[in-house]
Each structure stands twice: as structure tokens, then as C-alpha cells.
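Please take a moment to look over the chain before reading on. The paragraphs below go from a term about surface exposure to particular residues, and from there to the contacts and charge pairs around them.

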Amino acid sequence: MRKASIGVSAFLLALWAALFLSACAVKEKGVQEGMRAPERGEAEPALRKWRPHAKQGNATAQYRLGRAYLHGEDAPKDLEKAARWYRRAATQGHAEAQYGLGAMYSEGRGLAKDEEKAAKWVKRAAEQGKAKAMHDLGIMYSLGQGMSRDSNRAAHWYHKAADRGLARSQYNLGALYAKGQGVEQDYEQALTWYRKAAEQGDAGAQYTIGSMFYHGEGVARDYEQAAEWYRWAAEGGSPRGQYSLGLMYEKGRGVERDLVLAYKWLSLSALQGHADAGTERQSLAEAMTPKQVTQGQRLTLRWIVDLKE
């Protein structure tokens with residue numbers, strides 16, 4: 001068999017990278033434009049609407065005013081004023097303001113970074129039922145940020161957030177069950193929570209389920225199931241999922257062996273910086289014909305173009 005050069009066209013690589021990064025930037029660009037600081041003449045609506053009520057002690061108005069200053073939405077961006085108004089609302093029990101103030105302490109935005117104060121305000125918001133605060137509190141207990149590390153409390157708060165439908169909390173709770181941290185080890189429960197997250201499109205959960213089936217960890221080994229879950233993760237943009245699916249196609253495990261598709265998925269993973277994907281793709285290319293490599297390149301480019309569109 002005539003072997004293809006392991007080097008990929010510099011032009012194609014540059015084009016792939018440019019298109020891929022452009023596609024990933026579309027969402028971020030939209031966010032940045034949505035958070036654009038207003039011109040001077042646009043700054044009055046929020047101030048005129050919320051400041052009088054905020055000064056009279058209305059917690060919702062104080063929160064709205066703080067948010068306007070924080071993001072520069074209909075007000076000049078001013079992190080110190082944002083923190084000041086968030087604090088006033090938070091001390092009155094406004095859950096969103098408590099969570100926002102905790103985030104500002106955690107990130108050191110508008111006030112000095114203080115993990116203990118961040119944990120204090122996030123906990124108050126979580127106790128009022130804010131799901132994102134519950135999730136963040138779980139992380140704080142897991143890592144010992146602003147409080148003593150406590151896997152039991154982490155599991156408690158992840159569970160509360162997971163019950164409210166937060167995919168990341170469902171994934172983290174699944175991980176605790178898989179490791180037996182803060183809860184009794186239970187692979188069935190781990191898989192249940194991973195599935196809940198995966199069904200919401202969490203690529204990390206999809207990849208993890210694929211790995212469970214691939215290695216037979218807590219479930220019967222099943223390469224077809226592994227390939228299917230890796231596919232979901234890969235199509236969701238997970239570089240680990242793309243790499244693993246590429247290997248499945250290369251080795252013919254759970255799918256029919258297809259070097260062209262293997263090349264495609266390894267290329268996509270490599271473009272996202274996966275440490276082993278580029279080397280594996282080069283090794284794969286040595287076993288491919290030039291025609292197959294070209295087909296793999298075209299499939300890779302097509303996927304990136306479709307993502308951009």
C-alpha cells in the first residue's frame with residue numbers, strides 16, 4: 001500500500017484552525033456585544049428607573065441597579081458601585097444579590113478577593129433555593145474554598161442543585177457516587193446522574209458514560225454503547241470524545257473500522273489541543289493512502305464549516 005505523507009497541508013491546517021476558532025468565537029462575540037457598555041447618552045434609563053427606588057430601600061431596585069453597574073447595561077460600568085448596591089440588596093435577603101455579591105468576592109471584582117465572604121454570601125443564596133448558588137457551594141465544599149473541605153456537604157448541595165435540573169451538578173454528583181466521596185460508592189447511581197446530565201447535552205457526562213462502557217467500570221463492557229456515547233460527546237465538541245471516537249474508528253471497536261472517519265475525529269480533537277490526538281493522527285496517516293488522507297481533511301473541514309454555519 002502506498003503510504004501518505006504524515007504532514008498535513010499547512011494551508012489546510014491554518015484554514016481549519018481559523019474556521020474552528022471563528023465558529024467558537026461566534027457565541028462569545030454575541031455575549032460581548034450584549035454586554036457592551038452604553039454611550040453616555042444611553043446611561044440614564046436604568047439610573048432614572050431604579051436609583052430612586054433603590055435609595056428608598058427597595059431590594060429589587062438595588063439589585064437591578066447593581067447589575068446595571070456591573071455589566072454596563074444602561075449605566076456606566078462601575079464595579080465598586082455594583083458591589084455597593086449588591087451588598088445593600090443582599091443584606092435585605094435578596095437571593096440574586098447575595099449570589100452576585102458572593103461571585104464578586106470570589107473573583108475580586110469591585111472589592112478585595114475574599115473566599116470566606118464569597119462562601120458566606122453564596123451559602124445564603126443557596127439556602128434561599130438558588131440552584132446556581134447550590135452548585136457553587138458544592139464546589140466550595142469540594143475544594144475547601146472559603147470553608148473546610150467537606151465531601152458530605154458537597155454531595156448535599158450538589159444533590160439539591162441536581163434535583164433542580166442543573167446538568168453540571170448532576171455530573172458532579174455522579175462523579176461523587178463513582179468515587180465514593182461524600183456518599184457510598186454506587187455505580188448505578190453514578191450512571192443515573194451522568195445520564196441526566198448527558199441528556200441535557202453535557203458533553204463531559206456523555207464522554208464519561210462512554211468511558212464507563214469502554215472500560216466496563218460499574219457496567220458490563222460494551223464497545224457499541226461506548227462508541228455511541230463517545231459520538232454524542234464528540235459531536236458536542238468534546239476533544240476527549242473526539243479523540244476516543246477517532247480511536248474507536250481506527251481500531252474498529254464498537255463501529256466498523258474506518259480510517260477516514262478516524263482521521264477526521266482525531267484532527268478535530270488535535271485542533272482543540274488534545275495532547276495525544278495530533279501524534280495519533282500522524283501515526284494513522286502512515287497507514288492511509290493519499291486519497292484517504294484528503295478525504296479525512298475534507299470531512300474535517302466540512303464539520304468545521306457546518307459548525308460555523
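A residue is called buried when its relative accessible area is under 20%, exposed when that area is over 50%, and partly exposed when the value falls in between. Because Arg 51 has a relative accessible area of 32%, Arg 51 counts as partly exposed. The model is a predicted one, and the values given here are computed from it.

Arg 51, which lies in helix 2, belongs to a patch of positive charge on the surface, where it gathers with Lys 55, Lys 81, Arg 84 and Arg 88. Which helices supply at least two residues each to this positive patch? They are helix 2, covering residues 44-55, and helix 4, covering residues 79-91. Helix 4 gives the largest share, with three residues of the patch.

For the chain as a whole, the secondary structure amounts to 16 helices and zero strands. Of the 309 residues in the chain, 43% are buried. When contacts between residues at least 6 apart in sequence are considered, 51% of them join residues that are at least 24 apart. The chain exposes about 16,200 Å², and carbon and sulfur atoms supply 46% of that area.

Charge pairs come next. Side chains of opposite charge can pair when their charged atoms come close. How many salt bridges does the structure hold? There are six salt bridges in the structure, and three of the pairs are described here. The side chains of Arg 168 and Asp 202 meet in one of these, with a distance of 2.7 Å from N to O. This pair links distant parts of the chain, since Arg 168 is in helix 9 (residues 167-179) while Asp 202 is in the loop between helix 10 (187-198) and helix 11 (203-215), and the two are 34 residues apart. The partners are not alike in their exposure: Arg 168 is partly exposed at 38% relative accessibility, whereas Asp 202, with a relative accessible area of 11%, is buried.

In another salt bridge, Arg 302 is joined to Asp 306, with the closest N and O atoms 2.7 Å apart. Because Arg 302 and Asp 306 are four residues apart in helix 16 (residues 290-308), about one helical turn separates them. Arg 302 is partly exposed, with a relative accessible area of 41%, and Asp 306 is partly exposed as well, with a value of 42%. A further salt bridge brings together the side chains of Arg 109 and Glu 107, at 3.6 Å from N to O, and Arg 109 is partly exposed, its relative accessible area being 29%.

The surroundings of Asp 202 can be followed further through Tyr 171, whose place is in helix 9. Is Tyr 171 buried or exposed? Tyr 171 has a relative accessible area of 16%, and is therefore buried. Leaving aside neighbours within four places in sequence, Tyr 171 is in contact with Asp 202, and also with Trp 193, Tyr 194, Ala 197, Gly 204, Ala 205 and Thr 208. Tyr 171 and Gln 206 are 35 residues apart in sequence, yet their C-alpha atoms are 9.7 Å apart in space.

Gln 200 is found in the loop between helix 10 and helix 11, and with a relative accessible area of 47% it is partly exposed. Not counting residues up to four places away in sequence, Gln 200 touches Gly 165, Leu 166, Ala 167 and Gln 170. The C-alpha atoms of Gln 200 and Gly 165 are separated by 9.0 Å, although these residues are 35 apart along the chain.

Ala 155 lies in helix 8, which covers residues 151-163, and is buried, with a relative accessible area of 5%. Beyond the residues up to four places away in sequence, Ala 155 touches Leu 173, Leu 176, Gly 182 and Val 183. Ala 155 and Tyr 177 are 22 residues apart in sequence, with 8.9 Å between their C-alpha atoms.

A last point concerns the backbone at Asp 74, which has a positive phi of about 60° although it is not a glycine. Asp 74 has its place in the loop between helix 3 (59-71) and helix 4, and at 41% relative accessibility Asp 74 counts as partly exposed.

Key. Residues numbered from 1 in each chain as written. Predicted model: local features only at pLDDT ≥ 70, side-chain atom pairs only at ≥ 80, totals over all residues. Heavy atoms only, no water. Patch = residues over 30% accessible without salt bridge, like charges linked within 9 Å, V, L, I, M, F, W, Y side chains within 5 Å. Areas by Shrake-Rupley, 256 points an atom, 1.4 Å probe, with all protein chains shown as cover. Salt bridge = Lys/Arg side-chain N within 4 Å of Asp/Glu carboxyl O. Lys, Arg positive; Asp, Glu negative; His and termini not counted. Charge placed at Lys NZ, Arg CZ, Asp CG, Glu CD. Buried < 20%, exposed > 50% of the residue type's maximum accessible area, 1.4 Å probe, protein only. Contact = heavy atoms within 4.5 Å.
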